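User: I've got a model open and I'd like to talk through how its parts fit together. Can you walk me through it?

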Amino acid sequence: MQEKILIIGACGQIGSELTMKLRDKFGNKAVIASDIREGSTELMQSGPFEFLDATDKAAILMIIHKHQVTTVYLMAAMLSATAEKQPKKAWDINMNSLLYVLDFAKEKLIQKVYWPSSIAVFGETTPRIDTPQKTILEPATVYGISKLAGERWCAYYHNKFGVDVRTLRYPGIISWKTLPGGGTTDYAVEIFHKALQEGSYECFLSENTTLPMMYMEDALKATIDLMDGPFFKTYVSYNVAAVSFNPKELAEAIRKNVPNFTITYKPDFRQEIADTWPQTIDDSLAREEWNWKHEYDTNAIVKDMLKNLKS
Ligand SMILES: NC(=O)c1ccc[n+]([C@@H]2O[C@H](COP(=O)([O-])OP(=O)(O)OC[C@H]3O[C@@H](n4cnc5c(N)ncnc54)[C@H](O)[C@@H]3O)[C@@H](O)[C@H]2O)c1
(Lines give C-alpha, C1' and ligand atoms only; values in the text may rest on other atoms or scores of the structure.)
Protein backbone atom coordinates (compact mmCIF):
# COMPACT_ATOMS: atom_id res chain seq x y z
CA MET A 1 0.00 0.00 0.00
CA GLN A 2 1.29 3.46 -0.86
CA GLU A 3 2.18 5.50 2.20
CA LYS A 4 -0.25 8.40 2.71
CA ILE A 5 0.70 10.75 5.51
CA LEU A 6 -1.52 13.08 7.55
CA ILE A 7 0.21 15.74 9.63
CA ILE A 8 -2.01 17.20 12.34
CA GLY A 9 -0.72 20.57 13.57
CA ALA A 10 1.26 21.01 10.34
CA CYS A 11 1.54 24.80 10.50
CA GLY A 12 3.56 25.00 13.71
CA GLN A 13 7.29 25.36 14.23
CA ILE A 14 8.13 21.69 13.63
CA GLY A 15 5.09 20.65 11.56
CA SER A 16 5.69 23.24 8.85
CA GLU A 17 9.22 22.01 8.13
CA LEU A 18 8.37 18.35 8.65
CA THR A 19 5.60 18.68 6.06
CA MET A 20 8.01 20.02 3.44
CA LYS A 21 10.64 17.36 4.23
CA LEU A 22 8.08 14.57 3.93
CA ARG A 23 6.69 16.07 0.70
CA ASP A 24 10.23 16.04 -0.72
CA LYS A 25 10.58 12.41 0.28
CA PHE A 26 7.18 10.92 -0.56
CA GLY A 27 5.81 13.39 -3.12
CA ASN A 28 3.57 16.40 -2.54
CA LYS A 29 0.29 14.58 -2.93
CA ALA A 30 1.20 11.86 -0.44
CA VAL A 31 1.47 14.31 2.48
CA ILE A 32 -1.71 15.99 3.72
CA ALA A 33 -1.07 18.97 5.96
CA SER A 34 -3.76 19.94 8.47
CA ASP A 35 -4.19 22.51 11.20
CA ILE A 36 -6.75 24.87 12.71
CA ARG A 37 -5.00 27.75 10.92
CA GLU A 38 -3.38 28.32 7.56
CA GLY A 39 0.36 27.82 7.15
CA SER A 40 3.02 29.45 5.01
CA THR A 41 2.41 30.00 1.29
CA GLU A 42 5.00 27.29 0.57
CA LEU A 43 3.09 24.76 2.69
CA MET A 44 -0.37 25.76 1.46
CA GLN A 45 0.58 25.70 -2.21
CA SER A 46 2.82 22.66 -2.39
CA GLY A 47 0.26 19.98 -1.52
CA PRO A 48 -3.09 19.10 0.05
CA PHE A 49 -4.27 21.00 3.13
CA GLU A 50 -7.29 20.39 5.39
CA PHE A 51 -8.62 22.47 8.25
CA LEU A 52 -8.75 19.97 11.09
CA ASP A 53 -9.23 20.27 14.84
CA ALA A 54 -7.22 17.58 16.64
CA THR A 55 -9.87 17.39 19.38
CA ASP A 56 -12.59 16.44 16.87
CA LYS A 57 -12.45 12.65 16.55
CA ALA A 58 -15.08 12.40 13.82
CA ALA A 59 -13.34 15.04 11.71
CA ILE A 60 -9.98 13.22 11.97
CA LEU A 61 -11.66 9.99 10.92
CA MET A 62 -13.28 11.71 7.95
CA ILE A 63 -9.92 13.01 6.72
CA ILE A 64 -8.32 9.57 7.24
CA HIS A 65 -11.01 8.00 5.04
CA LYS A 66 -11.05 10.81 2.49
CA HIS A 67 -7.29 10.57 1.82
CA GLN A 68 -6.79 6.87 2.67
CA VAL A 69 -4.22 7.87 5.27
CA THR A 70 -1.74 5.20 6.42
CA THR A 71 0.46 7.25 8.79
CA VAL A 72 -0.33 10.09 11.18
CA TYR A 73 2.19 12.57 12.58
CA LEU A 74 0.38 14.21 15.51
CA MET A 75 2.17 17.54 16.02
CA ALA A 76 -0.75 19.58 17.42
CA ALA A 77 -0.23 20.47 21.07
CA MET A 78 -0.29 23.27 23.56
CA LEU A 79 3.32 23.94 24.58
CA SER A 80 4.83 24.32 28.05
CA ALA A 81 4.49 28.05 28.73
CA THR A 82 1.02 28.45 27.16
CA ALA A 83 -0.23 25.27 28.83
CA GLU A 84 0.53 26.67 32.30
CA LYS A 85 -1.98 29.43 31.56
CA GLN A 86 -4.74 27.06 30.41
CA PRO A 87 -4.04 23.70 32.09
CA LYS A 88 -7.38 21.98 31.38
CA LYS A 89 -7.47 23.08 27.76
CA ALA A 90 -3.87 21.92 27.33
CA TRP A 91 -4.77 18.53 28.78
CA ASP A 92 -7.75 18.28 26.44
CA ILE A 93 -5.74 19.09 23.30
CA ASN A 94 -2.59 17.16 24.21
CA MET A 95 -4.29 13.99 25.49
CA ASN A 96 -7.55 13.51 23.61
CA SER A 97 -5.98 13.99 20.20
CA LEU A 98 -3.42 11.29 21.02
CA LEU A 99 -6.03 8.83 22.30
CA TYR A 100 -8.13 9.33 19.14
CA VAL A 101 -5.18 8.65 16.86
CA LEU A 102 -4.04 5.64 18.93
CA ASP A 103 -7.59 4.24 18.72
CA PHE A 104 -7.56 4.58 14.93
CA ALA A 105 -4.26 2.67 14.84
CA LYS A 106 -5.64 0.00 17.18
CA GLU A 107 -8.62 -0.41 14.85
CA LYS A 108 -6.15 -0.73 11.92
CA LEU A 109 -7.62 2.31 10.17
CA ILE A 110 -4.04 3.61 10.03
CA GLN A 111 -0.77 1.65 10.19
CA LYS A 112 1.66 3.94 11.95
CA VAL A 113 1.78 6.93 14.30
CA TYR A 114 4.40 9.50 15.24
CA TRP A 115 3.89 11.50 18.42
CA PRO A 116 6.51 13.85 19.89
CA SER A 117 7.30 13.81 23.58
CA SER A 118 9.62 16.27 25.28
CA ILE A 119 12.33 16.77 27.88
CA ALA A 120 9.41 18.21 29.88
CA VAL A 121 8.68 14.65 31.08
CA PHE A 122 11.58 15.15 33.49
CA GLY A 123 11.20 17.10 36.71
CA GLU A 124 13.22 18.55 39.54
CA THR A 125 13.80 15.10 41.11
CA THR A 126 15.44 13.86 37.89
CA PRO A 127 19.26 13.96 37.63
CA ARG A 128 19.88 17.10 35.55
CA ILE A 129 23.26 16.20 34.06
CA ASP A 130 23.36 13.40 31.46
CA THR A 131 19.74 12.63 32.24
CA PRO A 132 19.36 8.89 31.58
CA GLN A 133 16.78 7.25 29.34
CA LYS A 134 15.28 5.49 32.34
CA THR A 135 15.05 7.74 35.36
CA ILE A 136 12.70 9.47 37.79
CA LEU A 137 9.82 11.09 35.90
CA GLU A 138 7.99 13.60 38.10
CA PRO A 139 7.16 16.54 35.81
CA ALA A 140 5.98 19.74 37.48
CA THR A 141 4.14 21.31 34.55
CA VAL A 142 0.81 20.39 32.99
CA TYR A 143 2.65 20.10 29.67
CA GLY A 144 5.15 17.65 31.19
CA ILE A 145 2.36 15.67 32.84
CA SER A 146 0.59 15.39 29.48
CA LYS A 147 3.80 14.27 27.74
CA LEU A 148 4.49 11.65 30.41
CA ALA A 149 0.91 10.36 30.29
CA GLY A 150 1.14 10.37 26.48
CA GLU A 151 4.31 8.27 26.57
CA ARG A 152 2.61 5.75 28.86
CA TRP A 153 -0.48 5.61 26.60
CA CYS A 154 1.77 5.00 23.57
CA ALA A 155 3.56 2.18 25.41
CA TYR A 156 0.20 0.73 26.49
CA TYR A 157 -1.24 0.71 22.95
CA HIS A 158 2.01 -0.75 21.65
CA ASN A 159 2.28 -3.51 24.26
CA LYS A 160 -1.39 -4.38 24.45
CA PHE A 161 -2.58 -3.92 20.87
CA GLY A 162 0.64 -3.99 18.82
CA VAL A 163 0.18 -0.39 17.67
CA ASP A 164 3.20 0.96 15.75
CA VAL A 165 3.62 4.30 17.50
CA ARG A 166 7.01 5.95 17.67
CA THR A 167 8.08 8.82 19.86
CA LEU A 168 11.06 11.04 20.67
CA ARG A 169 11.73 13.31 23.62
CA TYR A 170 12.70 16.49 21.78
CA PRO A 171 14.82 19.10 23.51
CA GLY A 172 14.24 22.79 22.64
CA ILE A 173 14.10 23.10 18.86
CA ILE A 174 15.82 26.01 17.09
CA SER A 175 14.69 27.08 13.63
CA TRP A 176 14.30 30.14 11.43
CA LYS A 177 11.35 29.38 9.12
CA THR A 178 8.44 29.41 11.59
CA LEU A 179 8.34 31.08 14.99
CA PRO A 180 7.99 28.78 18.01
CA GLY A 181 4.59 28.38 19.64
CA GLY A 182 4.82 29.17 23.36
CA GLY A 183 7.53 26.96 24.84
CA THR A 184 10.13 27.58 27.54
CA THR A 185 13.04 27.32 25.08
CA ASP A 186 11.56 29.95 22.68
CA TYR A 187 14.22 32.44 23.80
CA ALA A 188 16.78 30.52 21.74
CA VAL A 189 14.88 31.47 18.57
CA GLU A 190 13.70 34.98 19.55
CA ILE A 191 17.27 35.99 20.39
CA PHE A 192 18.34 35.64 16.73
CA HIS A 193 15.48 37.78 15.42
CA LYS A 194 16.19 40.50 17.99
CA ALA A 195 19.96 40.35 17.44
CA LEU A 196 19.45 41.15 13.76
CA GLN A 197 16.53 43.59 14.12
CA GLU A 198 17.51 45.52 17.24
CA GLY A 199 21.03 44.46 18.23
CA SER A 200 19.81 43.61 21.73
CA TYR A 201 17.60 41.10 23.51
CA GLU A 202 15.91 40.89 26.90
CA CYS A 203 15.94 37.23 27.86
CA PHE A 204 13.15 35.69 29.94
CA LEU A 205 15.54 33.11 31.42
CA SER A 206 18.56 33.85 33.61
CA GLU A 207 22.03 33.87 32.05
CA ASN A 208 23.12 30.53 33.48
CA THR A 209 20.03 28.47 32.63
CA THR A 210 21.53 25.59 30.68
CA LEU A 211 19.07 23.57 28.60
CA PRO A 212 19.36 20.88 25.91
CA MET A 213 18.68 22.19 22.39
CA MET A 214 18.68 20.91 18.82
CA TYR A 215 18.68 22.46 15.37
CA MET A 216 15.57 21.81 13.25
CA GLU A 217 17.56 19.94 10.58
CA ASP A 218 18.67 17.46 13.24
CA ALA A 219 15.19 17.17 14.74
CA LEU A 220 13.72 16.35 11.32
CA LYS A 221 16.47 13.83 10.65
CA ALA A 222 15.84 12.11 14.01
CA THR A 223 12.10 12.00 13.34
CA ILE A 224 12.35 10.62 9.82
CA ASP A 225 15.12 8.13 10.71
CA LEU A 226 13.02 6.80 13.58
CA MET A 227 9.94 6.47 11.37
CA ASP A 228 11.86 4.92 8.45
CA GLY A 229 13.68 2.36 10.53
CA PRO A 230 12.58 -1.08 11.63
CA PHE A 231 10.40 -1.44 14.67
CA PHE A 232 12.07 -0.77 18.02
CA LYS A 233 14.36 -3.16 19.80
CA THR A 234 13.22 -1.54 23.03
CA TYR A 235 9.89 0.19 23.30
CA VAL A 236 10.59 3.66 24.67
CA SER A 237 10.20 7.32 23.89
CA TYR A 238 13.83 7.91 22.98
CA ASN A 239 15.99 10.59 24.55
CA VAL A 240 17.62 12.54 21.69
CA ALA A 241 20.21 15.24 22.27
CA ALA A 242 22.44 17.55 20.30
CA VAL A 243 23.81 20.57 22.20
CA SER A 244 23.37 22.27 25.57
CA PHE A 245 24.00 25.93 26.33
CA ASN A 246 22.74 28.77 28.49
CA PRO A 247 21.60 32.23 27.30
CA LYS A 248 24.98 33.77 28.14
CA GLU A 249 26.86 31.21 26.05
CA LEU A 250 24.40 31.59 23.16
CA ALA A 251 24.74 35.38 23.29
CA GLU A 252 28.55 35.02 23.15
CA ALA A 253 28.30 32.75 20.11
CA ILE A 254 25.99 35.31 18.42
CA ARG A 255 28.35 38.16 19.31
CA LYS A 256 31.11 36.47 17.26
CA ASN A 257 28.90 37.19 14.22
CA VAL A 258 27.00 40.29 15.41
CA PRO A 259 29.74 42.16 17.32
CA ASN A 260 27.61 44.83 19.01
CA PHE A 261 24.88 42.47 20.21
CA THR A 262 23.89 42.96 23.85
CA ILE A 263 21.71 40.86 26.14
CA THR A 264 19.91 41.62 29.40
CA TYR A 265 18.04 39.20 31.65
CA LYS A 266 14.56 39.49 33.12
CA PRO A 267 13.45 36.00 34.17
CA ASP A 268 9.67 35.47 34.25
CA PHE A 269 7.42 32.48 35.08
CA ARG A 270 9.22 30.39 32.45
CA GLN A 271 12.34 30.37 34.65
CA GLU A 272 10.51 28.16 37.12
CA ILE A 273 9.71 25.67 34.35
CA ALA A 274 13.27 25.70 32.99
CA ASP A 275 14.67 25.09 36.49
CA THR A 276 12.95 21.69 36.59
CA TRP A 277 14.36 20.51 33.24
CA PRO A 278 17.64 18.70 32.52
CA GLN A 279 20.81 20.47 31.45
CA THR A 280 22.26 17.64 29.37
CA ILE A 281 20.70 14.44 28.09
CA ASP A 282 22.11 10.93 27.73
CA ASP A 283 20.79 9.70 24.38
CA SER A 284 23.09 6.68 24.02
CA LEU A 285 20.16 4.27 23.53
CA ALA A 286 19.02 6.14 20.38
CA ARG A 287 22.63 6.33 19.18
CA GLU A 288 23.11 2.58 19.68
CA GLU A 289 19.75 1.29 18.45
CA TRP A 290 19.08 3.35 15.35
CA ASN A 291 22.35 5.22 14.85
CA TRP A 292 21.03 8.61 15.86
CA LYS A 293 23.68 11.28 15.36
CA HIS A 294 23.32 15.06 15.38
CA GLU A 295 25.20 17.27 12.93
CA TYR A 296 24.82 20.84 14.18
CA ASP A 297 26.85 22.09 17.15
CA THR A 298 26.17 25.50 18.72
CA ASN A 299 28.43 27.47 16.35
CA ALA A 300 26.94 25.76 13.29
CA ILE A 301 23.42 26.52 14.55
CA VAL A 302 24.28 30.19 15.13
CA LYS A 303 25.89 30.58 11.70
CA ASP A 304 23.01 28.92 9.86
CA MET A 305 20.32 30.83 11.79
CA LEU A 306 21.95 34.20 11.11
CA LYS A 307 22.64 33.41 7.47
CA ASN A 308 19.03 32.39 6.78
CA LEU A 309 17.39 35.14 8.83
CA LYS A 310 19.56 37.76 7.11
CA SER A 311 18.50 36.60 3.68
N1 LIG B 1 9.34 23.17 19.46
C2 LIG B 1 9.95 22.59 20.48
O3 LIG B 1 10.97 23.08 20.96
C4 LIG B 1 9.43 21.28 21.01
C5 LIG B 1 10.17 20.63 22.01
C6 LIG B 1 9.68 19.43 22.53
C7 LIG B 1 8.50 18.89 22.02
N8 LIG B 1 7.80 19.54 21.06
C9 LIG B 1 6.55 18.94 20.59
O10 LIG B 1 6.51 18.89 19.17
C11 LIG B 1 5.15 19.08 18.73
C12 LIG B 1 5.11 20.24 17.75
O13 LIG B 1 5.60 21.39 18.40
P14 LIG B 1 5.76 22.80 17.68
O15 LIG B 1 6.92 23.45 18.31
O16 LIG B 1 5.69 22.65 16.23
O17 LIG B 1 4.44 23.52 18.24
P18 LIG B 1 3.71 24.82 17.66
O19 LIG B 1 2.94 25.43 18.77
O20 LIG B 1 4.67 25.66 16.90
O21 LIG B 1 2.70 24.17 16.62
C22 LIG B 1 1.57 23.44 17.01
C23 LIG B 1 0.56 23.54 15.90
O24 LIG B 1 -0.61 22.85 16.31
C25 LIG B 1 -1.72 23.62 15.93
N26 LIG B 1 -2.85 23.31 16.82
C27 LIG B 1 -3.08 23.74 18.07
N28 LIG B 1 -4.23 23.24 18.53
C29 LIG B 1 -4.73 22.48 17.54
C30 LIG B 1 -5.90 21.70 17.40
N31 LIG B 1 -6.81 21.62 18.38
N32 LIG B 1 -6.09 21.02 16.25
C33 LIG B 1 -5.19 21.10 15.24
N34 LIG B 1 -4.08 21.84 15.30
C35 LIG B 1 -3.85 22.52 16.45
C36 LIG B 1 -1.30 25.06 16.04
O37 LIG B 1 -2.12 25.90 15.23
C38 LIG B 1 0.14 24.98 15.56
O39 LIG B 1 0.24 25.23 14.19
C40 LIG B 1 4.32 19.29 19.99
O41 LIG B 1 3.79 18.07 20.41
C42 LIG B 1 5.34 19.75 21.00
O43 LIG B 1 4.94 19.46 22.30
C44 LIG B 1 8.24 20.74 20.55
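**Domains and a helix pair**

Analyst: The centres of domain 1 and domain 2, taken over C-alpha atoms, are 24 Å apart. Bear in mind this is a predicted model, where local features need pLDDT of at least 70, side-chain atom pairs count only at pLDDT 80 or more, and totals for chains, interfaces and linings use all residues. Residues are numbered from 1 along each chain as its sequence is written.

User: Which residues make up domain 1 and domain 2?

Analyst: The bounds come from an automatic or database domain assignment. Domain 1 covers 5-126 + 138-170, and domain 2 covers 172-213 + 242-310.

User: How many residues of domain 1 are in contact with domain 2?

Analyst: Contact here means that the C-beta atoms of two residues, placed from the backbone, lie within 7 Å. On the domain 2 side, 18 residues take part, and they meet domain 1 residues numbering 19.

User: And which helices each supply at least two residues of that side of domain 1?

Analyst: Helices are DSSP runs (H or I, at least four residues), numbered from the N terminus. Those that qualify are H1 (13-26) and H4 (80-85).

User: How are H7 and H12 oriented to each other: parallel or oblique?

Analyst: The axes, lines fitted to C-alpha atoms over the stretch in contact, have angles that run from 0 to 180 degrees between N-to-C directions. For H7 (residues 187-197) and H12 (residues 298-310), they come within 10 Å and cross at roughly 55°. Under 35 degrees would be roughly parallel, over 145 roughly antiparallel, and 65 to 115 roughly perpendicular, with the rest oblique. H7 and H12 are therefore oblique.

User: Which residues of H12 does H7 meet?

Analyst: From H7, the residues involved are Phe192, His193 and Leu196. Their partners in H12 are Met305, Leu306, Leu309 and Lys310.
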